[in-house]
Amino acid sequence: MFDFTPNPDQPKSELYEDILSAARALTEGEPDKIANMANIAALLYQLMPDLNWAGFYRMVKDELVLGPFCGKPACIRIPVGRGVCGAAAETGESQLVPDVHAFPGHIACDAQSRSELVVPVIEKDRVVAVIDLDSPSPGRFDAEDKNGIEALASMLIGRI
Ligand code: SME
């Protein structure tokens, strides 16, 4: 069994090293993509401080569909180009949003969310999923979070 104990004082660089190695170990050799996404969502939700939602949207027939997550029930389908997740899927670029109320078209699944980070998972030039993280604190995510989750997204290619 894995035992992951969150440490709020841990520097982010170390946190992302831990997340990456735990995520690699959890998904190593496991072909079931849903199981892998479920464990990664749980890992992120448990280890990253100050989140109210962590999970996946998958690209299914050119639209984002809710995948495994931790947090409140969320909207199920998001068209490419809509909201923060749709912007990440459309552009293939991570979206770091310090204030969701200032993001045109932001989709409020949980009224508590104030900032958001969405990172695409790109396989063979195609966005196959996005990792979505929400926080109740404005400006919760910075460039280090973006880089850390992008490294995770790269590691997950072929595993989710
Ligand atoms: N806020 C997202 C929608 C998904 S929820 O945050 C879980 C968006 O604008 O795409």
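How far is an oxygen atom of the ligand from a polar backbone atom of Cys85? The figure is 2.8 Å. Before I go on: this is a predicted model, and that applies to everything I show today.

I'll stay with the polar contacts for a moment. Val84 also offers a polar backbone atom, and an oxygen atom of the ligand lies 3.0 Å from that one. His106 takes part through its side chain: an N or O atom there is 3.3 Å from a nitrogen atom of the ligand. As for exposure, the ligand on its own has 310 Å² of accessible area, and the protein covers 100% of it. The space that the ligand takes up is the largest cavity.

Now the shell. Around the ligand there are 13 residues, and those that come nearest are Val84, Cys85, Ile107, Glu116 and Asp134. By character, the shell consists of eight nonpolar residues, two polar ones and three charged ones.

Where in the fold do these residues come from? Three elements each supply at least two of them: strand E1, residues 53–60; helix H3, residues 83–91; and strand E6, residues 126–135. Helix H3 contributes the most, with three residues.

Next, the chain as a whole. It has four helices and six strands. Going along the sequence, the order is α-α-β-β-β-α-β-β-β-α. The radius of gyration is 14 Å, and the globule rule gives 15 Å for 160 residues; the two are close, so the chain is as compact as a globular protein of that length. If you prefer a box, the C-alpha atoms fill one of roughly 40 × 35 × 25 Å along the principal axes.

To recap the site: the ligand occupies the largest cavity, it is 100% covered by protein, and its oxygen contacts include the backbone of Val84 and that of Cys85. On the nitrogen side, the contact I showed is with the side chain of His106. That is what I have.

Technical notes: Residues numbered from 1 in each chain as written. Predicted model: local features only at pLDDT ≥ 70, side-chain atom pairs only at ≥ 80, totals over all residues. Heavy atoms only, no water. Near = heavy atom within 4 Å. Polar contact = N/O pair within 3.5 Å; in protein donor to acceptor, adjacent residues only side chain to side chain. Areas by Shrake-Rupley, 256 points an atom, 1.4 Å probe, with all protein chains shown as cover. 1 Å grid on protein atoms, 1.4 Å probe; cavity = no way out; pocket = protein on both sides within 12 Å on 5 of 7 lines; lining within 4 Å. Sits in = over half its atoms within 2 Å of the grid points. Helix = DSSP H or I, 4+ residues; strand = E, 2+ residues; numbered from the N terminus. Nonpolar A, V, L, I, M, F, W, Y, C, P; charged D, E, K, R; others polar. Rg over C-alpha atoms; globule rule 2.2 N^0.38 Å.
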